[in-house]
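Colleague: I should like to request a close look at a single part of this model. Please treat the sheet and what surrounds it in one connected account.

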Amino acid sequence: MVKRDELECKANKCRDILNRYKFLIDLPLVSFLVDDHWRSIEELGWSEYLLSLSDEDICLLPDPKTFPVTLETPNSLAELVSNCRETYSNYPLFECEMPEGFVKLGMSPKKQHEVFRMGIAVKDVINRKKSISQIIDFGSGKGYLPEHVALTSPGIRVVGLDREEVNTEGGLQRNKLMERLWMPLFKKQNDSSLDFDKNTMNHYRPVTLELKEEHISEDFVSRISKLSEGFVSPRDGTMLVGLHACGDLTSLLLQT
């Protein structure tokens with residue numbers, strides 16, 4: 001268990017690092033291209049060094065634990081890596097062991113934590129609001145959250161809405177992979193305390209929709225029902241969720 005003063009100290013260190021290197025963090029891709037942000041890296045003396053690295057080493061750069069620091073590494077970059085290592089090494093708050101039965105397929109550790117914790121919150125609402133029989137997830141991406149909810153909440157139908165067709169297709173492909181994993185997992189769990197239902201593979205449906213303000217109306221669920229070919233019903237209790245309701249999705253979600 002992390003003590004309050006220890007947690008506060010680590011949080012302050014994180015804040016100091018973020019403030020010091022804000023010019024690297026607060027940088028949309030468009031700004032990088034339009035404002036020629038590469039020049040700020042040149043001023044640090046990093047550009048020539050970064051261009052000399054292999055693709056494999058560049059891919060290691062986001063992780064201070066694996067990025068190789070050598071004699072050729074610019075001092076300011078080596079200092080950044082060292083600060084990150086010192087701040088994040090052995091940090092118990094970032095460790096989150098998933099319970100047996102949690103299917104991690106395709107998820108980073110960060111995404112696993114988000115999906116698992118959000119899944120608990122969603123299930124809590126379902127247990128308290130007995131009228132809920134279907135869920136619509138806004139900005140569902142490849143369907144990590146909606147599929148997890150469908151797998152662990154027997155009888156609940158879940159639609160994942162995303163504006164990108166590639167994400168919808170990715171959700172469908174992942175669902176097919178999950179079918180191969182699900183039955184062995186179900187048999188392994190047998191009579192465990194976790195709520196598993198071997199038929200839940202059919203309780204998740206990804207749908208492509210670029211949500212706009214004109215879509216928000218009393219018959220919103222009816223529209224989703226048509227898009228999902230009757231998978232959800234406008235007559236049934238519906239819960240709306242959004243793990244990453246980016247941009248104006250949050251405001252649209254509140255208006256729905």
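In what order do the four strands of the open sheet lie, and is their pairing parallel or antiparallel?

Modeller: The model is a predicted one. Its open sheet of four strands follows the order 3-2-1-4, and the pairing is parallel. Strand 3 (204-208) and strand 4 (237-241) form the edges, each pairing on one side only. From one strand to the next, the twist averages 20°.

Strand 1 (132-138) is a suitable place to begin. On one side, strand 1 runs parallel to strand 4 and is joined to it by five bridges. Strand 1 also pairs with strand 2 (residues 157-162), again in the parallel sense and over five bridges. Ile136 illustrates both pairings: this residue stands opposite Leu240 in strand 4 and opposite Val159 in strand 2. Seven of the seven residues of strand 1 are buried, and the strand is therefore largely enclosed by the rest of the structure. For that statement, buried means under 20% relative accessible area.

Further along the sheet, strand 2 and strand 3 are paired in the parallel sense over five bridges. Within strand 3, Tyr204 is the bridge partner of Val158.

Two helices that pack on the sheet may be considered next. Helix 8 (residues 109-128) touches strand 1 and strand 4, and its direction makes about 155° with that of strand 4. Helix 11 (residues 220-227) also packs on the sheet, touching strand 1, strand 2, strand 3 and strand 4. The direction of helix 11 makes about 85° with that of strand 1. A further helix, helix 9 (residues 144-152), belongs with strand 1 and strand 2 to a right-handed β-α-β unit.

The packing of side chains completes the account. In soluble globular proteins, nonpolar side chains tend to be buried together. Here the largest nonpolar core has 17 residues, and those with the most contacts inside it are Val122, Ile126, Ile135, Val149 and Met239. Helix 8, strand 1, helix 9 and strand 4 are the elements that give two or more residues to this core. Ile126 shows how such contacts reach across the sequence: leaving aside neighbours within four places, Ile126 is in contact with Ile132, Ile135, Val149, Ser153, Ile156 and Met239.

Note on methods: Residues are numbered from 1 along each chain as its sequence is written. This is a predicted model: local features need pLDDT of at least 70, side-chain atom pairs count only at pLDDT 80 or more; totals for chains, interfaces and linings use all residues. Side-chain values use heavy atoms; hydrogens and water are left out. Two strands pair if DSSP finds at least two bridges between them. Axes are lines fitted to C-alpha atoms, for helices over the stretch in contact, and angles run from 0 to 180 degrees between N-to-C directions. Contact means heavy atoms within 4.5 Å. Buried means under 20% relative accessible area, exposed over 50%, partly exposed in between (1.4 Å probe, protein chains only). A crossover is right-handed if, with the strands pointing away from the viewer, the path from the first strand over the helix to the second runs clockwise. A nonpolar core is a set of buried Ala, Val, Leu, Ile, Met, Phe, Trp, Tyr and Cys residues joined through side-chain atoms within 4.5 Å.
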